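Welcome, and thanks for taking a look at this one with me. Please have the sequence and the coordinates open as you read.

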Amino acid sequence: MERTLQGSPLSPLSPRSRARITGAVYLLFFLTAIAGGVVTPGTAKEVVAHEALFRVGFALSLVSTVCYVAVTALFYQLFRSVSRSVALVAAFFSLVGCAVGAAGSLFQLAPLVVIGDAQYSSVFDVTQLQALTQMLLDLGAQTGSIALVFFGVFDILIGYLIFKSGFLPRILGVLMVIAGVLWLIFLSPPLANHFLIFVEVPGFVAELALMLWLLIKGIRVEKELGEPA
Amino acid sequence: MRWIAEASPRQLARIAGGLYLIVILGGAFAIGYVPGTIVVPGDPAATFHNIQAHELLYRLGLVAHITILACNVPLALIFWDLFKVVNRRLALLVVFFTLVGTAVEGAGLINQFVPVVLLDGHYSAALTTAQLQALSYIPIDSLEAGYAVSTVFFGFYGLALGYLVFRSTFLPRWVGVLLAIGAVGYLTYGFAIFISPGFAGNLVPYVQLPSLLGEGSFCLWLLIAGVNVQRWKENASTAASRLEWAR
């Protein structure tokens, strides 16, 4: 055989370094998602006033979705030894959430096309254009709520896998399940927006704790089983 | 369907090459030729008129687009089968990026249905012709930015795929390098559209050449040469012993 197992650049990483890589990509997701969320204006007027910021925020949010796709793949690898089928279902929920979220971001791009273009301002008056822009932004936000429901199920399943795993603290699993259940409130966006802080804070805490644990502590190696095919 | 389940790596590679060829040719028609013929940049009235006059061509573009998106799904599965022997984690990432990119691109197609819906006459009582034309032009105007969203996912797909091809030993390394260069082109163009559309306009068409070269050579290599089965099997047995070792 041409390549020896240990000498190959593709030799298996230790489970602990795999967990660290997952934590690092997860951290990148956090940073880009928070930065994107902070700088992205929410109303048509703000978009007009801070177009450059809006564009950078859009790009950052998209990068955060890309990171989440990678986190999804890494979670599947991490947890398939616990339950292959649950890990796969979790991954699929997350992928659908990522796709819905990214598709919803298309609504955010349309305002940039609409505002400040003579071909639209000549047929619609300013208030009509602003209303149109606001409608597109609101539709984008609605799509975000749909994505959150899928991420809620993802969090619940990941929480279950953590709880069962034996190689991560059970409390992290419990936190993820609670966070996931709360995200499900976005089934009714008005309700969720009413209690927004109570939904977002546990979600943030649970994912932050999991991310930091993976990044800093990794996983308990002796408990992680090999990888079934 | 039994022949698919039992297909050899070489047959899988040939099927993938065929699907990829459909994707490239269909993409050139749906994303290049049809909008190039119908859309008049900056002129909603002329664009609206062209869609009315060439509705069949416009709809054929949509058919081609949906077809290539449908081809992406089995393509992802075949790439998983071919490349999981090289690196499972990256092969999974290739599949996931393909699925999300395809879903986003498919959702974006709704944009292109807006003009045909607005054309059917139900709306002319409430809106003036100029307003209808402007409303149909918004989605057309947003198309490029919409593609850019899926382009970002396909850019990362290309990087992962390029690395897998480069490492594979059963496909030529230069094809992997070309795929990765093409992916960098995709990412550059995608992010340029978000951050500075004017700059992105200057990049066309040069930025599209590397991806055509990369994906074109990959597609033709799979279709004509397939994969080196001997090397693929060596990879597979290494991967199997690695799994054994990890256990």
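In this report, two residues are in contact when they have heavy atoms within 4.5 Å of each other. With that in hand, keep in mind that everything below comes from a predicted model.

**Two acids in chain A**

A good place to start is A:Asp155, which sits in helix α6 of chain A, spanning residues 126-165. Apart from residues up to four places away in sequence, A:Asp155 touches A:Tyr68, A:Met176, A:Val177, A:Ala179, A:Gly180, A:Trp183 and A:Glu207. This aspartate is buried and yet has no salt bridge. Its nearest side chain of opposite charge is A:Arg170, 18 Å away. A salt bridge needs a side-chain nitrogen of Lys or Arg within 4 Å of a carboxyl oxygen of Asp or Glu.

One of the residues touching A:Asp155 is itself an acid, A:Glu207. A:Glu207 belongs to helix α9 of chain A, residues 196-217. Where is the nearest side chain of opposite charge to A:Glu207? That side chain is A:Arg20, 18 Å away, and A:Glu207 is also buried without a salt bridge. The contacts of A:Glu207, again not counting residues up to four places away in sequence, are A:Tyr26, A:Phe30, A:Tyr68, A:Asp155, A:Met176 and A:Trp183. If you compare the two lists, A:Tyr68, A:Met176 and A:Trp183 appear in both.

**Salt bridges**

How many salt bridges does a search of the whole structure find? Over all chains, the count is three. Here they are, with the distance between the closest N and O atoms.

| Salt bridge | Closest N and O atoms |
|---|---|
| A:Glu51 with A:Arg55 | 3.0 Å |
| B:Glu55 with B:Arg59 | 2.9 Å |
| B:Lys84 with B:Asp81 | 3.4 Å |

The pair in chain A lies within helix α3 (residues 51-79), where A:Glu51 and A:Arg55 are four residues apart, about one turn of the helix. The two partners differ in exposure: A:Glu51 is partly exposed at 34% relative accessibility, whereas A:Arg55 is buried, with a relative accessible area of 10%.

In chain B, B:Glu55 and B:Arg59 share helix α4 (residues 55-83), and they too are four residues apart, about one turn of the helix. Here B:Glu55 is partly exposed, with a relative accessible area of 32%, and B:Arg59 is partly exposed at 37%. For the remaining pair, B:Lys84 counts as partly exposed at 28% relative accessibility, and B:Asp81 is partly exposed as well, with a relative accessible area of 27%.

**Chain B as a whole**

Chain B has eleven helices and zero strands. Its C-alpha trace spans about 70 × 40 × 35 Å along the principal axes. Of its 247 residues, 51% count as buried. Chain B exposes about 10900 Å², and carbon and sulfur atoms supply 68% of that area. Its side chains include 13 positive and 11 negative ones, and the centres of these two sets lie 21 Å apart.

How are the contacts of chain B spread along the sequence? Among those between residues at least 6 apart in sequence, 78% join residues at least 24 apart. A single example is B:Gly216, in helix α10 (residues 209-224) of chain B. B:Gly216 and B:Ile24 are 192 residues apart in sequence, but their C-alpha atoms are 7.6 Å apart in space. Leaving aside neighbours within four places in sequence, B:Gly216 is in contact with B:Ile24 and B:Ser211. This glycine counts as buried because its relative accessible area is 18%, and the cut-off for buried is under 20%.

One backbone angle also deserves a look. Most residues other than glycine have a negative phi. B:Thr169, which is not a glycine, has a positive phi of about 70°. B:Thr169 is found in the loop between α7 (129-168) and α8 (173-195) of chain B, and is partly exposed, with a relative accessible area of 28%.

**Where the chains meet**

Finally, the interface: 48 residues of chain A are in contact with 49 residues of chain B. Together the two chains bury about 4300 Å², with 74% of it on carbon and sulfur atoms. How many salt bridges does the rule find across this interface? The number is zero between chain A and chain B.

How values were computed. Residues are numbered from 1 along each chain as its sequence is written. Chains are lettered from A and ligands numbered from 1 in the order in which they are written. This is a predicted model: local features need pLDDT of at least 70, side-chain atom pairs count only at pLDDT 80 or more; totals for chains, interfaces and linings use all residues. Side-chain values use heavy atoms; hydrogens and water are left out. Helices (H or I, at least four residues) and strands (E, at least two) are DSSP runs, numbered from the N terminus. Buried means under 20% relative accessible area, exposed over 50%, partly exposed in between (1.4 Å probe, protein chains only). Accessible areas come from the Shrake-Rupley method with a 1.4 Å probe; for residues, only the protein chains shown count as cover. Lys and Arg count as positive and Asp and Glu as negative; His and the chain ends are not counted. The place of a charge is taken as NZ of Lys, CZ of Arg, CG of Asp or CD of Glu. Buried area is the accessible area (1.4 Å probe) that two parts lose on being put together, summed over both.
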